[in-house]
Amino acid sequence: MSTTISKSTKITGQLESTEDIQIDGEIDGDVRGVNVKVGNNAKVKGTVFAEEVELAGSVDGKIEAKKVIFMGTARMTGDVVNQDVKIESGAFIDGHLKPEFGKTAAKVSPILKSVSSSPAAEKAS
């Protein structure tokens, strides 16, 4: 079962579902679902959070997902935090691809360790 936002629908605010979401209209706000598909003429202005995002329309904001698929008609403005990405020929991305999904804690630990074991830290002890 999935939630469908038709092409004649515009939503302002958050959209959240415990199932899949198919967006064919416009959303001005964040989207959170299991698998999110943004159709050809669909527009999202906000952050899209999901296990998998398939983008054929446009997102102006951010995508955070394990897997992101950019179709040839995709238009992305903003950063993408992912583990796996597929980009078809013709897709436009103005932002950074960050293969860091699920690694936030791992990024912080080495920095803290190197600061605490630096020579300046040892002299201060």
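This passage describes the fold content, core, surface and selected residue environments of a predicted protein model. Residues are numbered from 1 along each chain as its sequence is written, and side-chain values use heavy atoms, with hydrogens and water left out. As the model is predicted, local features need pLDDT of at least 70 and side-chain atom pairs count only at pLDDT 80 or more, whereas totals for chains, interfaces and linings use all residues.

The secondary structure comprises 2 helices and 13 strands, taken as DSSP runs numbered from the N terminus (helices: H or I, at least four residues; strands: E, at least two). The protein has 125 residues, of which 30% count as buried; buried denotes under 20% relative accessible area, exposed over 50%, and partly exposed the range in between (1.4 Å probe, protein chains only). About 7500 Å² of the protein is exposed, and carbon and sulfur atoms supply 51% of this area; accessible areas come from the Shrake-Rupley method with a 1.4 Å probe, and for residues only the protein chains shown count as cover. Among contacts (heavy atoms within 4.5 Å) between residues at least 6 apart in sequence, 2% join residues at least 24 apart.

The largest nonpolar core contains 22 residues, and the members that touch the most others are Ile23, Val31, Val36 and Ile63. A nonpolar core is defined as a set of buried Ala, Val, Leu, Ile, Met, Phe, Trp, Tyr and Cys residues joined through side-chain atoms within 4.5 Å. At least two residues of this core are supplied by each of strand 4 (20-23), strand 7 (35-38), strand 8, strand 9 and strand 10. When residues up to four places away in sequence are not counted, the contacts of Val31 are Leu15, Ile21, Ile23, Val36, Val44, Thr47, Val48 and Phe49.

A search of the whole structure yields 3 salt bridges, each being a side-chain nitrogen of Lys or Arg within 4 Å of a carboxyl oxygen of Asp or Glu. One of them joins the side chains of Lys66 and Glu51, with an N to O distance of 3.5 Å. Lys66 belongs to strand 9 (residues 58-70) and Glu51 to strand 8 (residues 43-55), so this pair ties together parts that are 15 residues apart in sequence. Both side chains belong to partly exposed residues, the relative accessible area being 36% for Lys66 and 39% for Glu51. In another salt bridge, between Lys98 and Asp79, the closest N and O atoms are 3.4 Å apart. Because Lys98 lies in strand 13 (residues 97-98) and Asp79 in strand 10 (residues 75-81), the pair ties together parts that are 19 residues apart in sequence. Lys98 is partly exposed at 29%, and Asp79 is partly exposed at 22% relative accessibility. A further salt bridge is formed by Glu64 and Lys62, whose closest N and O atoms are 3.1 Å apart. Here, Glu64 is partly exposed at 22% relative accessibility, and Lys62 is likewise partly exposed at 30%.

Several loop residues were also examined. Ser17, in the loop between strand 3 (15-16) and strand 4, is buried with a relative accessible area of 17%. Its side chain reaches the backbone nitrogen of Glu19 at 3.0 Å, which falls under polar contacts (a pair of N or O atoms within 3.5 Å; within protein, one must be able to donate a hydrogen and the other to accept it, and residues adjacent in sequence count only if both atoms are side-chain atoms). Apart from neighbours within four places in sequence, Ser17 is in contact with Thr3, Arg32, Gly33 and Val34.

Val34 itself occupies the loop between strand 6 (31-32) and strand 7 and is partly exposed, at 31% relative accessible area. The C-alpha atoms of Val34 and Asp20 are separated by 5.1 Å, although these residues are 14 residues apart along the chain. Beyond residues up to four places away in sequence, Val34 touches Ser17, Thr18, Glu19, Asp20, Ala50, Glu51 and Glu52.

Gly57 is located in the loop between strand 8 and strand 9 and counts as buried at 2% relative accessibility. With residues up to four places away in sequence excluded, Gly57 touches Val38, Gly39, Asn40, Ala42, Thr73, Ala74 and Arg75.

On the surface, Val85, Ile87 and Leu97 make a nonpolar patch of about 210 Å². Patches consist of residues with over 30% relative accessible area and no salt bridge, like charges being joined within 9 Å and nonpolar side chains (Val, Leu, Ile, Met, Phe, Trp, Tyr) within 5 Å. Ile87 lies in strand 11 (residues 84-87) and is partly exposed, with a relative accessible area of 43%.
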